[in-house]
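This report concerns the salt bridges of one protein model and the parts of the chain that they join.

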Amino acid sequence: MKFGKSAMEKRLRVFLDTSALLSGLNSPTGAAGVTLAACFANNFIPVISPQVIEESERNIARKFPKLDVPFQSFLLLPPEITPDPTLEQIRRAYQILPTSDAPILAAALRARPDVFVTWDVHDFFRKDVRDRTPFPILLPGDFVIQYLR
């Protein structure tokens with residue numbers, strides 16, 4: 001049983017998109033890998049969506065077959081898996097991010113994480129997207145600097 005300050009601390013819920021997850025599995029000493037290690041150490045709650053699982057499985061099968069075992073280990077943590085977003089939630093997310101990543105954004109919006117970690121600077125780091133999301137969107141390196149130092 002925990003007492004004192006540690007018993008009162010809430011673990012941060014960190015939404016990982018496919019790019020951050022696969023990068024972390026592929027490069028354990030890189031920033032995304034350090035983020036995953038912190039999840040394995042129970043410092044943070046990793047949050048993913050069913051689409052992140054599907055995209056990861058597809059990319060592992062096609063491009064990164066050696067990541068299959070580490071990915072299965074990650075799923076055994078287990079991460080918090082959000083419900084699939086509804087069509088209406090995806091439509092709202094598409095108004096913010098009109099790309100194929102709208103379902104990922106919709107899942108993150110539904111999950112309400114404390115932070116969203118991604119390598120997808122092209123889509124998620126647009127000013128209008130960042131201004132319209134209620135959580136910070138960070139690169140893995142920025143997450144490490146802000147939350148692990």
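Which residue forms a salt bridge with R92, and how far apart are the closest N and O atoms? The partner is E88, and the closest N and O atoms are 3.7 Å apart. The coordinates belong to a predicted model.

Both R92 and E88 belong to helix α6, which spans residues 87-96. Four residues separate the two, about one turn of the helix. R92 is partly exposed at a relative accessible area of 45%, and E88 is likewise partly exposed, at 40%.

A search of the whole structure finds five salt bridges, among them the pair in helix α6 and the two described next.

R13 pairs with E80, with 2.5 Å between the closest N and O atoms. Because R13 lies in strand β1 (residues 12-16) and E80 in strand β3 (residues 80-81), this salt bridge ties together parts that are 67 residues apart in sequence. R13 counts as buried, since its relative accessibility of 15% falls under the 20% cut-off. E80, by contrast, is partly exposed, with a relative accessible area of 29%.

R126 and D128 also meet through their side chains in a salt bridge, at 3.3 Å from N to O. R126 is partly exposed at 28% relative accessibility, and D128 is partly exposed at 35%.

The N to O distances of these salt bridges are listed below.

| Salt bridge | Closest N to O distance |
|---|---|
| R13 and E80 | 2.5 Å |
| R92 and E88 | 3.7 Å |
| R126 and D128 | 3.3 Å |

Key. Residues are numbered from 1 along each chain as its sequence is written. This is a predicted model: local features need pLDDT of at least 70, side-chain atom pairs count only at pLDDT 80 or more; totals for chains, interfaces and linings use all residues. Side-chain values use heavy atoms; hydrogens and water are left out. A salt bridge is a side-chain nitrogen of Lys or Arg within 4 Å of a carboxyl oxygen of Asp or Glu. Buried means under 20% relative accessible area, exposed over 50%, partly exposed in between (1.4 Å probe, protein chains only).
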